[in-house]
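Q: Please take a close look at one part of this model, and describe how its strands are placed and paired.

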Amino acid sequence: MKRVYLDYAATSPLDGRALAAMMPYLTDEFGNADSVHSFGRRAADAVDTARRRIASAIGAARQEIYFTSGGTEANNWAVKGVAHALGRTVKKRIITTAIEHPSVLAAARSLERYGFDVAILPVSAGGVLGAETLRGALGADTALVSVMTANNEAGTVQPVRELAALAHEYGALFHTDAVQAAGHTDVDVSASGVDLMTVSAHKFGGPKGAGFLYIKKGVLPDKLIEGGHQERSMRGGTTNVAAVVGMAEAFALSAAEMERNNALAAAAKDAFAGHVISNVPDVRENCASSPRLPHIVNFTFFGVNGDALVQSLDLAGIACSLGSACSSGSLEPSHVLTAIGMPESEARSSVRFSFGPGVAVDDAVYAAGVLADTVRRLRGR
Ligand SMILES: *Cc1c(COP(=O)(O)O)cnc(C)c1O
């Protein structure tokens with residue numbers, strides 16, 4: 001059976017060139033980057049080079065890049081680390097949005113236990129946080145504002161630069177979860193002015209279990225993991241050398257090839273979406289008039305159970321998802337789709353398809369044909 005993978009927002013395949021860069025560090029170059037001997041120094045050099053490459057790709061200094069095990073960890077660190085560091089002052093307010101990844105939302109909510117005032121702001125029906133909504137929530141007591149650069153379910157892009165400037169007017173720090181945006185849009189921190197930024201390797205052809213948190217010089221969140229001097233003593237633990245080398249390679253490649261990759265993904269996505277819109281009745285492309293990432297499209301198939309649709313498509317060889325892989329399996333409808341104002345029944349009828357440079361236009365059109373047949377069958381007509 002032909003299989004088509006349309007779930008790049010959940011994870012992407014490892015780029016062969018990133019794998020090639022990693023291989024030495026999975027084999028002969030096995031040293032611990034903290035050892036003083038030549039084995040260690042060679043590993044340390046590789047880690048240092050990876051840090052420099054990543055820093056230069058986002059307009060940061062290498063001392064501002066902190067390696068983590070991925071996006072979930074970096075988001076938890078940014079939100080809790082800043083809150084706990086600043087919460088010892090009068091700054092007891094944390095602001096985020098209703099469409100964040102669960103790792104930001106759950107981290108923010110956990111702070112309520114420590115006496116923080118956590119504001120979860122609504123977004124527009126187009127999935128965008130308005131500056132005036134943020135302004136209304138900001139105050140001198142605000143420690144942190146966390147707003148994602150782009151949403152992983154609807155693909156909507158936030159005006160991060162404008163929102164960060166607004167947070168700064170009130171003396172608040174600004175964090176952005178750029179996991180879904182990195183590799184697809186420019187995530188230069190000197191241009192956006194953010195104080196902290198989360199990136200994860202496996203969304204742009206890097207290995208799973210690798211990511212980083214950019215922390216602007218002078219911003220001091222609490223340490224994440226004690227007991228090791230790695231990552232400037234902020235996040236202890238022996239460095240996963242191969243993973244950071246692979247992440248740096250994939251990140252540099254995705255930056256160098258961004259235009260081409262976006263064009264390929266968009267061509268497949270547009271062919272797919274066009275076919276769906278002309279062949280499936282009672283369908284809506286969500287957030288269609290908002291600024292969106294080129295590789296994500298979210299459709300509501302009225303009267304169809306999204307869960308059943310994803311499962312039927314899987315049996316037919318097409319991989320897609322209801323939304324966040326992290327929240328699938330839960331009985332709740334997508335918190336993102338309900339936050340953009342969808343009734344629960346429509347949210348339950350919505351499916352995300354996400355594309356990458358590896359999806360051929362022919363395969364995208366084939367998948368749309370399978371989708372049209374499957375929707376017809378599930379509707380019983
Ligand atoms: C995938 C994703 C994460 C989680 O990153 P992991 O490295 O898988 O932990 C966080 N935020 C967004 C927007 C994501 O798409």
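Which residue in E10 does Val 283 stand opposite?

A: Val 283 stands opposite Phe 301 in E10. This is a predicted model, in which local features need pLDDT of at least 70 and side-chain atom pairs count only at pLDDT 80 or more, while totals for chains, interfaces and linings use all residues. Residues are numbered from 1 along each chain as its sequence is written, and side-chain values use heavy atoms, with hydrogens and water left out.

The strand that carries Phe 301, E10, spans residues 296-301; strands here are DSSP runs of E with at least two residues, numbered from the N terminus. Strand E9 (residues 283-285) pairs with E10 in the antiparallel sense over three bridges, where pairing requires that DSSP finds at least two bridges between two strands. E10 is also joined to strand E12 (residues 350-354) by five bridges, and these two strands likewise run antiparallel; within that pairing, Asn 298 has Arg 352 in E12 as its bridge partner. In general, strands of a sheet pair through backbone hydrogen bonds, either parallel or antiparallel.

As for its surroundings, E10 is mostly covered, with six of its six residues buried, where buried means under 20% relative accessible area, exposed over 50% and partly exposed in between, using a 1.4 Å probe and protein chains only. Both faces are covered: Ile 296, Asn 298 and Thr 300 are buried on one side, and Val 297, Phe 299 and Phe 301 are buried on the other. Asn 298, the bridge partner of Arg 352, is thus placed on the side that also holds Ile 296 and Thr 300, whereas Phe 301, which Val 283 stands opposite, belongs to the side with Val 297 and Phe 299.

Methods. Helix = DSSP H or I, 4+ residues; strand = E, 2+ residues; numbered from the N terminus.
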